[in-house]
Amino acid sequence: MNEINEINEQENMILEGRNAITEALRGGRPIDKILVKSGDVEGSIRALAAKAKDAGILVSFVPKAEIDRLSETGRHQGIVAICAAHEYATLEGILNLAKERREDPFVIILDGVTDPHNLGAIIRSAEAAGAHGVVIPKRRSASLTAVVMRVSAGAAEHLPVARVTNISNTIKELKKNGVWVAAATMDGQIMYEANLTGPLALVVGGEDSGVSRLVADNCDFLVNIPMKGKIGSLNASVAAAVLMFEVLRRRQG
């Protein structure tokens with residue numbers, strides 16, 4: 001039977017490339033099967049396939065055309081994994097993770113980030129900066145697709161991502177739990193002068209319109225990244241990374 005005909009796109013996710021699959025195995029994520037390009041593949045890919053076999057996962061060698069048709073990114077490196085669609089976390093779960101680590105909550109909220117490459121990059125930076133989770137809205141947002149998983153370089157396997165109906169209500173819930181909420185805007189307080197310590201949530205807006213007025217009005221304060229050049233704004237994932245690592249610097253300092 002053709003491998004591709006066995007895949008229900010609504011119930012399964014395709015993980016692509018060495019990093020994404022390695023982190024899925026490391027994180028203990030259930031994987032139904034792994035498909036490897038038959039013929040000449042990198043030794044590291046064959047080693048990964050062997051590791052998956054040792055873990056009891058079915059590994060099949062198939063023509064490259066089969067993998068090409070499954071790939072969303074076009075950069076599969078000759079290996080894809082078929083697993084259940086990614087399970088989203090809850091806001092409560094993110095806050096509980098902070099408690100388990102005995103750390104002040106650090107949450108990243110995305111308001112309308114629709115580019116999957118930006119979402120993947122933000123998740124990767126958030127995991128590296130020690131955030132406890134990322135929150136995205138159910139509408140007007142990229143979701144956890146194969147592209148996002150690949151761009152995150154496996155970070156999405158280790159960092160909870162919650163999908164909520166209403167960002168403003170989520171902000172109110174965070175405040176009830178003692179978390180201060182700051183939104184990244186052009187007219188906010190310079191980040192070096194803002195209080196980015198303690199329990200904190202950072203709100204980063206979408207690629208085109210930034211943080212919506214309604215969401216900004218629900219935040220405790222606004223924060224701005226100072227810039228010296230002629231370009232007046234940063235890419236959403238870059239802005240998020242700058243702010244997140246400023247928070248990390250404060251926490252470590």
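This report describes a four-stranded sheet, the helices that lie across it, and two further helical regions, all taken from a predicted model.

**The open sheet**

Strands pair through backbone hydrogen bonds, and the pairing can be either parallel or antiparallel. In this structure four strands form an open sheet in the order S1-S4-S2-S3, with mixed pairing. Strands S1 and S3 (58–62) stand at the edges and have a single partner strand each, so one side of each is left without a neighbour in the sheet. Direction ignored, neighbouring strands of this sheet are turned by 25° against each other on average.

Strand S4 (residues 79–84) has five of its six residues buried, so the strand is largely enclosed by the rest of the structure. On one side, S4 is joined by five bridges to strand S1 (residues 12–16), and the two run antiparallel. Strand S2 (residues 31–37) also pairs with S4 in the antiparallel sense, over five bridges. The table lists residues that stand opposite each other in these pairings.

| Residue | Residue opposite, in S4 |
|---|---|
| Asn12 | Ala84 |
| Leu15 | Ala81 |
| Lys33 | Ile82 |

Two helices lie across the sheet. Helix H1 (residues 18–26) lies across S1, S2 and S4 and runs at about 120° to S1, while helix H2 (residues 43–54) lies across S2, S3 and S4 and runs at about 145° to S3.

**A buried residue in S2**

Is Val36, which has its place in strand S2, buried or exposed? Val36 has a relative accessibility of 0%, and because residues under 20% count as buried, Val36 is placed in that class. Not counting residues up to four places away in sequence, Val36 touches Val41, Ile45, Ala49, Val59, Ser60, Phe61, Val62, Ile67, Gly78 and Ile79. The chain also brings Val36 and Gln77 to a C-alpha separation of 9.1 Å, although they are 41 residues apart along the chain.

**Helix H4 and its two sides**

An α-helix has 3.6 residues a turn, so residues three or four places apart point the same way. With this in mind, helix H4 (residues 91–100) can be read one side at a time. Its buried residues are Leu91, Ile94, Leu95, Leu97 and Ala98. Seen down the axis of H4, these buried residues fall within an arc of 150°, so they line one face of the helix. The elements that cover them include strand S5 (106–111), strand S6 (133–137), strand S7 (161–164) and helix H7 (167–176). The face of H4 turned away from the buried side carries the exposed residues Glu92, Lys99 and Glu100. Just after H4, Arg102 takes a positive phi of about 55°.

**The pair H5 and H9**

Two packed helices are described by the angle between their axes and the distance between the axes. For helix H5 (residues 116–128) and helix H9 (residues 236–252), the axes come within 9 Å and cross at roughly 10°. Angles under 35 degrees count as roughly parallel, and H5 and H9 are therefore roughly parallel to each other.

Which residues of H5 and H9 meet? From H5 come Asn118, Ala121, Ile122, Ser125, Ala126 and Ala128, which meet Ala236, Ser237, Ala240, Ala241, Met244, Phe245 and Leu248 in H9. The residues of this contact divide into ten nonpolar, three polar and no charged.

Terms used. Residues numbered from 1 in each chain as written. Predicted model: local features only at pLDDT ≥ 70, side-chain atom pairs only at ≥ 80, totals over all residues. Heavy atoms only, no water. Axes fitted to C-alpha atoms, helices over the stretch in contact; angles between N-to-C directions. Parallel < 35°, antiparallel > 145°, perpendicular 65-115°, else oblique. Contact = heavy atoms within 4.5 Å. Nonpolar A, V, L, I, M, F, W, Y, C, P; charged D, E, K, R; others polar. Buried < 20%, exposed > 50% of the residue type's maximum accessible area, 1.4 Å probe, protein only. Pairing = 2+ DSSP bridges. Arc of directions from axis to C-beta.
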